[in-house]
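Student: I would like a close look at a single part of this model. Please start there, then connect it to the rest.

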Amino acid sequence: QEDSGIMNKEQVAKDIEELREEKNCAQATAMGICKNSDIEVDLDEIANLTAVFGGGIGGTFDEGTCGAVTGCAIALKFVEENPEKRPAIMKEVFKKFKDEYGSVTCGKISKNGEDKSPCVECCVYVGELVSDLLE
């Protein structure tokens, strides 16, 4: 049995991949992270909270932030009980994501929404990163 508060990174990745089949990037990332937390969370509520962040915030693609990143920001409220730790975790996610993908802008990663092939990978990357950072 895993220690309390530590997420199973492989399970987070698997859940995000499955959720991404029906949900947008923000929803899949936030729900996958929250689902694997030991904090009880209403996943439908998470889906509703993050729905508008798909496609780089409201489908803006070109200028909007990647949904995997914004979904993570919302999930942190639910999975990191100490509010003072959340900004540092989010900053680390942002920095590492930008280093990995060259941008945090949805449109740059997805060719303005025309090529969503990197999307699942981006979501899984963030989920695994958060799993590591919360330990």
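**One residue and its surroundings**

Tutor: Asp15 is buried, because its relative accessible area is 4%. Buried means under 20% relative accessible area, exposed over 50%, and partly exposed in between (1.4 Å probe, protein chains only). Asp15 sits in helix α1. Helices (H or I, at least four residues) and strands (E, at least two) are DSSP runs, numbered from the N terminus. Setting aside residues up to four places away in sequence, Asp15 touches Gly32, Lys35 and Asn36. Contact here means heavy atoms within 4.5 Å. Gly32 and Lys35 bring in a second helix, since α2 covers residues 25–35.

A word on the ground rules. This is a predicted model, in which local features need pLDDT of at least 70 and side-chain atom pairs count only at pLDDT 80 or more, while totals for chains, interfaces and linings use all residues. Residues are numbered from 1 along each chain as its sequence is written, and side-chain values use heavy atoms, with hydrogens and water left out.

Now step back to the whole chain. It holds 7 helices and 0 strands. Along the sequence the pattern reads α-α-α-α-α-α-α. The radius of gyration is 13 Å, close to the 14 Å of the globule rule for 135 residues, so the chain is as compact as a globular protein of that length. That radius is taken over C-alpha atoms, and the rule is 2.2 Å times the number of residues to the power 0.38. The C-alpha trace spans about 40 × 30 × 25 Å along its principal axes. Of the 135 residues, 47% count as buried. Take the contacts with a separation of 6 or more: residues 24 or more positions apart account for 68% of them.

The surface and charges come next. About 7300 Å² is exposed, and carbon and sulfur atoms supply 45% of it. These areas come from the Shrake-Rupley method with a 1.4 Å probe. The chain carries 15 positive and 27 negative side chains, with the centres of the two sets 6 Å apart. Lys and Arg count as positive and Asp and Glu as negative, leaving out His and the chain ends.

Return to the helices, with α3 (43–50). Thr50 lies in this helix, α3. Its relative accessible area is 0%, so Thr50 is buried. Beyond its sequence neighbours up to four places away, Thr50 touches Asn24, Ala26, Gln27, Ala30, Gly71 and Ile74.

The loop between α3 and α4 follows. Thr65 is located there. It is partly exposed, because its relative accessible area is 23%. Gly55 is 10 residues from Thr65 in sequence, and their C-alpha atoms are 8.3 Å apart. Outside the window of four places, Thr65 touches Gly56, Ile57, Thr70, Val104 and Cys106. Ile57 belongs to this loop too, between α3 and α4. At 37% relative accessibility, Ile57 is partly exposed.

Check the backbone at Ile57. Most residues other than glycine have a negative phi. Ile57 is not a glycine, yet has a positive phi of about 75°. Asn112 also has a positive phi, near 60°. Asn112 is in the loop between α6 and α7. It counts as partly exposed at 37% relative accessibility.

That loop leads into α7. This helix, residues 119–133, has 15 residues and reaches 21 Å from its first C-alpha to its last, close to the 21 Å expected. The expected span is 1.5 Å times one less than the number of residues. Its buried residues are Cys119, Cys122, Cys123, Val124, Val126, Gly127, Leu129, Val130 and Ser131. They pack against α1, α2, α4 (67–79), α5 (86–101) and α6 (106–109). So the picture returns to α1, the helix of Asp15.

Leu129 gives a closer view of α7. It is buried, with a relative accessible area of 10%. Apart from neighbours within four places, Leu129 is in contact with Val93 and Lys96. Leu129 and Val93 are 36 residues apart in sequence, but 6.9 Å apart C-alpha to C-alpha.

Last, the segment before α1. Ile6 is found there, and counts as partly exposed at 27% relative accessibility. Asp132 is 126 residues away along the chain, and the C-alpha atoms of Ile6 and Asp132 are separated by 8.4 Å.

Methods
Charge placed at Lys NZ, Arg CZ, Asp CG, Glu CD.
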